[in-house]
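Student: I should like to take a close look at one part of this model. Please begin with a single helix and then set the surrounding architecture beside it.

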Amino acid sequence: MNRLTAARRRTLAIHVACVAVTLFMGLPIYLIALAALSSRESLNRFPLSLLPTDVSTETMRVFLDSTGVVGGFQNSVEVGLLSLALSLVLGVPAGYAVARYAFRGREPYQLFLLLTRALPIVVLSVPLARVFLATGLYDTTYAVALLHTALALPTTVLITSAIFVAVPVEHEEAAMVFGASAPRAFARVVLPQALAGIAAAAIFTFVTSWNEVLGAAVLTLNRRTLPAQVLSTLADSPLAFRFAGGFALVVPALVFIAFMRRYLLNMWGTTIR
């Protein structure tokens with residue numbers, strides 16, 4: 001009986017902790033959405049209401065009709081998807097090599113990958129701007145995608161290598177015994193078992209690309225992503241439009257995470273209701 005009571009208490013404590021973390025992470029999103037979908041007059045009232053008592057889409061409509069917003073959204077989607085594709089094409093084979101092959105300097109190599117994340121974004125974007133000016137890639141979505149790929153690639157390699165380590169090598173060897181080539185065994189046996197980790201790496205890559213602003217602002221002038229466009233146009237705007245810009249940045253990332261989360265949990269065998 002005491003064990004059952006202790007187990008129930010642990011379960012209750014875990015549930016309470018999960019609810020607390022969810023509220024802590026969801027409250028800022030709720031407040032941004034509330035401010036973006038409220039009338040401008042309600043934002044100037046004191047005290048501010050925490051309930052949607054004066055819902056209005058006027059601020060969001062004005063923001064979405066502003067010059068550069070739709071183009072910035074399209075550029076962000078293009079950069080995010082291109083960064084996602086490049087990081088997976090380059091990172092998945094690299095992660096597989098790190099997981100499967102023992103080579104000299106493997107541990108220092110994995111540590112070296114993290115050094116890219118330790119550098120400030122300006123250290124990467126300013127030299128890249130000079131390179132892109134010389135090669136004609138400056139002020140293009142390709143330049144921003146290359147920068148975002150460089151930022152996300154180390155994490156993609158490390159995440160996928162950890163997943164490939166968990167895939168039994170015996171499965172791959174059995175496929176090769178039955179006549180499959182090494183690439184075919186990887187594609188038909190190893191890769192399906194690692195899709196959950198690849199999905200996790202995809203979430204990180206897309207969200208990182210979507211939220212990055214400084215590098216996109218340095219590398220572009222007319223083809224800016226939505227965060228860079230919001231940073232440049234809403235710096236001196238009224239508070240309501242800043243909330244509208246923040247809400248417009250949050251929603252697409254949440255939609256992508258929700259879609260990939262469903263796929264990710266299904267790969268782990270979790271039933272989503």
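Tutor: In this predicted model, helix H4 covers residues 69-100, and its 32 residues, at 1.5 Å a residue, should span 46 Å. The end C-alpha atoms of H4 are 45 Å apart, which agrees with that expectation. H4 nevertheless bends by about 25° at Gly91, and a proline, Pro93, follows within four residues of that position.

H4 belongs to a chain that has 13 helices and zero strands. The C-alpha trace of this chain spans about 75 × 70 × 30 Å along its principal axes, and 37% of its 273 residues count as buried. Of the contacts between residues at least 6 apart in sequence, 69% join residues at least 24 apart.

One helix pair illustrates the packing. The axes of H7 (141-166) and H10 (residues 195-211) lie 9 Å apart at an angle of about 165°. Angles over 145 degrees count as roughly antiparallel, and H7 and H10 are therefore roughly antiparallel to each other. Their crossing is right-handed. On the H7 side, the residues in contact include His148, Thr155, Ile159 and Ile163; the H10 residues they meet include Gly197, Ala201, Phe204 and Ser209.

The loop between helix H6 (121-135) and H7 contains Asp139. This residue has a positive phi of about 65° although it is not a glycine. Asp139 counts as buried because its relative accessibility is 17%, and the limit for that class is under 20%.

Definitions and conventions
Residues are numbered from 1 along each chain as its sequence is written. This is a predicted model: local features need pLDDT of at least 70, side-chain atom pairs count only at pLDDT 80 or more; totals for chains, interfaces and linings use all residues. Side-chain values use heavy atoms; hydrogens and water are left out. Helices (H or I, at least four residues) and strands (E, at least two) are DSSP runs, numbered from the N terminus. The expected span of a helix is 1.5 Å times one less than its number of residues. The bend at a residue is the angle between axes fitted to the seven residues ending there and the seven starting there. Buried means under 20% relative accessible area, exposed over 50%, partly exposed in between (1.4 Å probe, protein chains only). Axes are lines fitted to C-alpha atoms, for helices over the stretch in contact, and angles run from 0 to 180 degrees between N-to-C directions. Angles under 35 degrees count as roughly parallel, over 145 as roughly antiparallel, 65 to 115 as roughly perpendicular and the rest as oblique. A crossing is left-handed if the near helix is turned anticlockwise from the far one by less than a right angle, and right-handed if clockwise. Contact means heavy atoms within 4.5 Å.
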